[in-house]
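This report describes a metal site and a pocket in one protein chain. The sequence and structure come first.

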Amino acid sequence: MDVRHPTHPDQIPTFDTSALRGHYLVEELFEPGAIHTVYSHQDRVVLGGAVPQPGSPLELETEPPLRSEYFCERRELGVLSLGQGAVTVDGSTYELAHRDCLYVGRGARSVSFDSSEGGRFYLVSTPAHTSYPTSVARHADTVPARLGDPATANVRELRKYVHPDGIRSCELVMGVTELAEGSIWNTMPCHTHDRRTECYLYFDLPPEHRVIHLLGQPHETRNMIVRNEQAVISPSWSVHSGAGTHRYGFVWAMAGENQAFTDMDHVAIDELR
Ligand SMILES: O=C(O)C(=O)C[C@H](O)C(=O)CO
Ligand SMILES: [Zn+2]
């Protein structure tokens with residue numbers, strides 16, 4: 001488990017490219033036959049990737065930084081399936097298709113991942129004070145919000161999975177946004193939300209393409225060049241927005257003080273520096 005410490009916004013101008021990437025970019029989450037995790041002290045979010053090989057399920061184990069008997073002893077977990085696969089939670093198996101989401105409540109002792117078809121799973125876990133039921137939200141059954149405009153190259157569909165009017169959770173708020181063909185901008189005009197950390201995982205981006213992801217305070221932004229299946233950790237003071245060289249999707253997940261999706265501090269484009 002890689003541990004990332006929090007940063008102060010005044011540090012941003014002092015970071016070179018590799019320091020910026022070392023603090024905020026999660027480059028290698030998905031390795032065949034392995035589970036990789038990153039513990040961020042930004043709202044104690046844990047990000048992970050699980051890539052089971054056919055016939056060899058992977059069990060999510062606790063890690064020393066958690067000081068717990070099992071991974072979900074004090075935590076809830078969101079799983080976003082990137083492909084076809086199955087997750088077994090305390091003996092109950094949930095089959096997931098591409099972009100389906102499974103929420104695992106606090107107290108689940110055993111969580112394992114299986115796929116015979118090259119499936120992979122993105123994990124987001126946050127501290128939990130109580131136990132909500134383990135539940136599935138399916139991409140095909142979720143009505144998306146249609147956002148954006150072709151004139152601003154940001155036509156996209158946003159699906160909320162884990163949120164106060166959907167799958168209930170303690171802290172976690174999670175969903176996916178997918179850009180239409182020909183659209184490249186996400187979350188522009190952008191925003192911050194001082195009460196929550198937000199993490200993006202970009203997916204469905206062809207290997208030769210990249211997303212230019214913007215971060216930092218609105219008056220002092222920086223960018224990182226991000227490839228497919230890499231994640232970005234955005235502290236509460238940071239914008240989180242990007243433009244791709246191709247269409248893509250991204251999993252967004254938040255944790256912190258509140259769960260109100262609309263609690264955003266909007267930033268006008270002409271305020272950005
Ligand atoms: O497309 C978008 O815009 C988003 O998906 C925005 C994120 O969901 C977000 O930043 C929520 O705070
Ligand atoms: Zn946001």
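A residue counts as buried under 20% relative accessible area, as exposed over 50% and as partly exposed in between, with a 1.4 Å probe and protein chains only. By that rule E198 is buried, at 5% relative accessibility, and H240 is buried as well, with a relative accessible area of 1%.

The model is predicted: local features need pLDDT of at least 70, side-chain atom pairs count only at pLDDT 80 or more, and totals for chains, interfaces and linings use all residues. Residues are numbered from 1 along each chain as its sequence is written.

Both residues bind the zinc ion (ligand 2), whose protein donors lie 2.1 to 2.2 Å from it. Donors are N, O and S atoms within 2.8 Å of the metal (3.2 Å for Na, K and Ca); water is not among the atoms, so sites may look incomplete.

| Donor residue | Donor atom |
|---|---|
| H191 | NE2 |
| H193 | NE2 |
| E198 | OE |
| H240 | NE2 |

Along the chain these donors follow the spacing H-x1-H-x4-E-x41-H. E198 lies in strand 18 (residues 196–203) and H240 in the loop between strand 21 (231–234) and strand 22 (241–244), so the pair ties together parts 42 residues apart in sequence. Strands (E, at least two residues) are DSSP runs, numbered from the N terminus.

Strand 18 also supplies at least two residues of the lining of the largest pocket, as do strand 13 (145–147), strand 14 (156–162) and strand 23 (249–256). The lining residues divide into eleven nonpolar, seven polar and three charged. Ala, Val, Leu, Ile, Met, Phe, Trp, Tyr, Cys and Pro count as nonpolar, Asp, Glu, Lys and Arg as charged, and the others, Gly among them, as polar.

How values were computed: Chains lettered and ligands numbered in written order. Heavy atoms only, no water. Helix = DSSP H or I, 4+ residues; strand = E, 2+ residues; numbered from the N terminus.
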